[in-house]
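The following paragraphs lead the reader through one protein structure, from its cysteines to its sheet, its helices and its core. Each step is best followed with the coordinates in view.

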Amino acid sequence: MERKKTAVIFPAFGCKYLGNERELLEEMSGDLNEFASRAVSAVGLDAERLFSCRDGNFEDELESQYAVYIYSCAVSNVIKRSGLHGDFTAGYSMGLYAALCHAESITFEQGLSLITMAYRGIWDVASSLPFGIGVISGLEQDEVKTLIDGKDDVEIINVNNRHNLLIAGYEKNVKNILAGAREQGALNCKYLTFHSPYHSRFMDGAAEKFKEFCESLTIYDPVYPVISTVNRRIMTTWSDVAMDLVDNINRNINWLETMSVMIDAGVDVFVECGPGRSLQRMAKFIDGEFEVFNLQNLRLLLSSDRICSSARAIHY
């Protein structure tokens with residue numbers, strides 16, 4: 001099969017790990033240990049807890065975000081060293097920071113700082129109010145919109161695929177919508193353990209504070225095109241990135257449409273850079289002819305003829 005294009009995609013925290021991420025990465029490079037060491041210096045990461053948590057169920061949400069970012073950056077380095085840069089890159093939710101590091105728009109340490117500041121700003125707002133997040137599987141987006149219609153305190157914050165989406169808002173309303181979805185025949189409705197309403201208008205105040213921090217950073221033009229999950233534009237300049245960093249806090253995202261943009265552009269190989277395989281699972285209900293590789297079968301991809309010479313051109 002003739003190769004078309006390749007995209008490198010990055011998961012967010014909260015994903016379930018494979019359990020053997022550390023061993024798989026250490027067989028390929030020393031990047032994981034190097035990034036962990038740099039995170040210890042930069043943000044005081046507890047490296048022992050990072051490596052001892054095999055399932056990704058960190059008790060601390062900020063640690064969970066650091067961990068996914070570190071694993072993601074390590075996988076990114078492996079594939080870039082192989083010569084695979086990808087024609088596009090995108091980050092699911094807070095996976096944006098790893099995608100921007102991959103695209104060399106921010107440094108590894110800047111990514112850690114962005115994670116920290118975003119988390120603190122969001123927590124300052126969310127900790128004082130009874131917010132919640134829920135996942136609905138088995139209903140179409142329009143069916144969930146009908147359930148939400150007329151309720152101002154809950155909204156759809158992300159569409160993962162045709163049959164799976166996330167809602168956020170005040171806890172009582174989120175739980176009521178989940179109950180309504182069950183009555184409508186949803187296959188699964190789950191109230192999540194983390195409650196901060198990411199990607200919603202409830203985070204407008206957090207976005208304003210985050211914008212001030214982003215303005216203090218030196219952000220570079222991405223060397224690979226980055227697809228915005230907020231409005232699906234192709235970001236090629238530092239100003240595009242600066243805007244998207246802020247929008248990612250308080251505006252709804254859509255992973256289904258983000259993937260569809262890349263598929264329509266000719267992408268037939270996606271590489272999930274990070275722990276677990278959450279993005280691969282979501283992709284099962286996204287239309288198109290493509291494959292998703294993750295850390296478990298990354299060696300197979302890098303050693304195959306699925307990636308032609310044009311994809312192995314290293315950017316300097």
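In this predicted model, the number of disulfides comes to zero. Cys-15 takes part in none, and the cysteine sulfur nearest to its own, that of Cys-53, is 10 Å away. Seen from the other side, the sulfur of Cys-53 has that of Cys-15 as its closest cysteine sulfur, and the 10 Å between them is too far for a bond, given that a disulfide requires two cysteine sulfur atoms within 2.5 Å. A disulfide is, after all, a covalent bond between the sulfur atoms of two cysteines. Cys-15 is nonetheless buried, with a relative accessible area of 6%, and Cys-53 also counts as buried, at 11% relative accessibility.

The sheet comes next. Five strands make up an open sheet with mixed pairing, in the order β6-β3-β5-β4-β9. Its edges are formed by β6 (188-191) and β9, each of which pairs on one side only. At the β6 edge, strand β3 (residues 131-137) pairs with β6 in the antiparallel sense over four bridges, and Ile-136 stands opposite Cys-189 of β6.

Further along the order lies strand β4 (residues 154-161). Eight of its eight residues are buried, so β4 is largely enclosed by the rest of the structure. Strand β5 (residues 164-170) runs antiparallel to β4, and six bridges join the two; the connection between them is a hairpin through two residues. With strand β9 (residues 253-254), by contrast, β4 runs parallel, joined by two bridges.

Which residue of β4 stands opposite Ile-253 in β9? It is Asn-158, a residue that also stands opposite Leu-166 in β5. Asn-158 belongs to strand β4 and counts as buried because its relative accessibility is 2%, below the 20% cut-off. Its side chain makes a polar contact of 3.0 Å with the side chain of Tyr-92. A polar atom of the Asn-158 side chain also lies 3.1 Å from the backbone nitrogen of Trp-255. Leaving aside residues up to four places away in sequence, Asn-158 touches Tyr-92, Leu-165, Leu-166, Ile-253, Asn-254 and Trp-255.

Trp-255 leads on to helix α11 (residues 255-264), in which Trp-255, Leu-256, Thr-258, Met-259, Met-262 and Ile-263 are buried. These residues span an arc of only 165° around the axis, and therefore lie on the same side of α11. The pattern follows a general rule: an α-helix has 3.6 residues a turn, so residues three or four places apart point the same way. The N-terminal end of α11 is capped by Asn-254, a side-chain oxygen of which lies 3.2 Å from the backbone nitrogen of Leu-256. After α11 comes Gly-266, with a positive phi near 105°.

One of the buried residues of α11, Met-262, leads into the nonpolar interior. The largest nonpolar core has 115 residues, and those with the most contacts inside it are Tyr-97, Ile-136, Ile-167, Leu-245, Ile-249, Met-262 and Phe-270. Helix α4 (residues 61-81) supplies the largest share of this core, with twelve residues. Beyond residues up to four places away in sequence, Met-262 touches Ala-7, Ile-9, Phe-88, Ala-90, Ile-227, Val-267 and Phe-270.

Among these contacts of Met-262 are Phe-88 and Ala-90, which bring strand β2 (residues 88-91) into view. Both faces of β2 are covered: Phe-88 and Ala-90 are buried on one side, and Thr-89 and Gly-91 are buried on the other. In a regular strand the side chains alternate between the two faces of the sheet. Strand β2 runs parallel to β1, to which four bridges join it; in this pairing, Thr-89 of β2 is the bridge partner of Val-8.

The segment before β1 (5-10) contains Lys-4. Is Lys-4 buried or exposed? With a relative accessible area of 54%, Lys-4 is exposed, since the limit for that class is over 50%. Not counting residues up to four places away in sequence, Lys-4 touches Gly-266 and Asp-268, and Gly-266 is the residue with positive phi that follows α11. The C-alpha atoms of Lys-4 and Cys-214, which are 210 residues apart along the chain, are separated by 35 Å.

Conventions. Residues numbered from 1 in each chain as written. Predicted model: local features only at pLDDT ≥ 70, side-chain atom pairs only at ≥ 80, totals over all residues. Heavy atoms only, no water. Buried < 20%, exposed > 50% of the residue type's maximum accessible area, 1.4 Å probe, protein only. Pairing = 2+ DSSP bridges. Contact = heavy atoms within 4.5 Å. Polar contact = N/O pair within 3.5 Å; in protein donor to acceptor, adjacent residues only side chain to side chain. Arc of directions from axis to C-beta. Core = buried A, V, L, I, M, F, W, Y, C linked by side-chain atoms within 4.5 Å.
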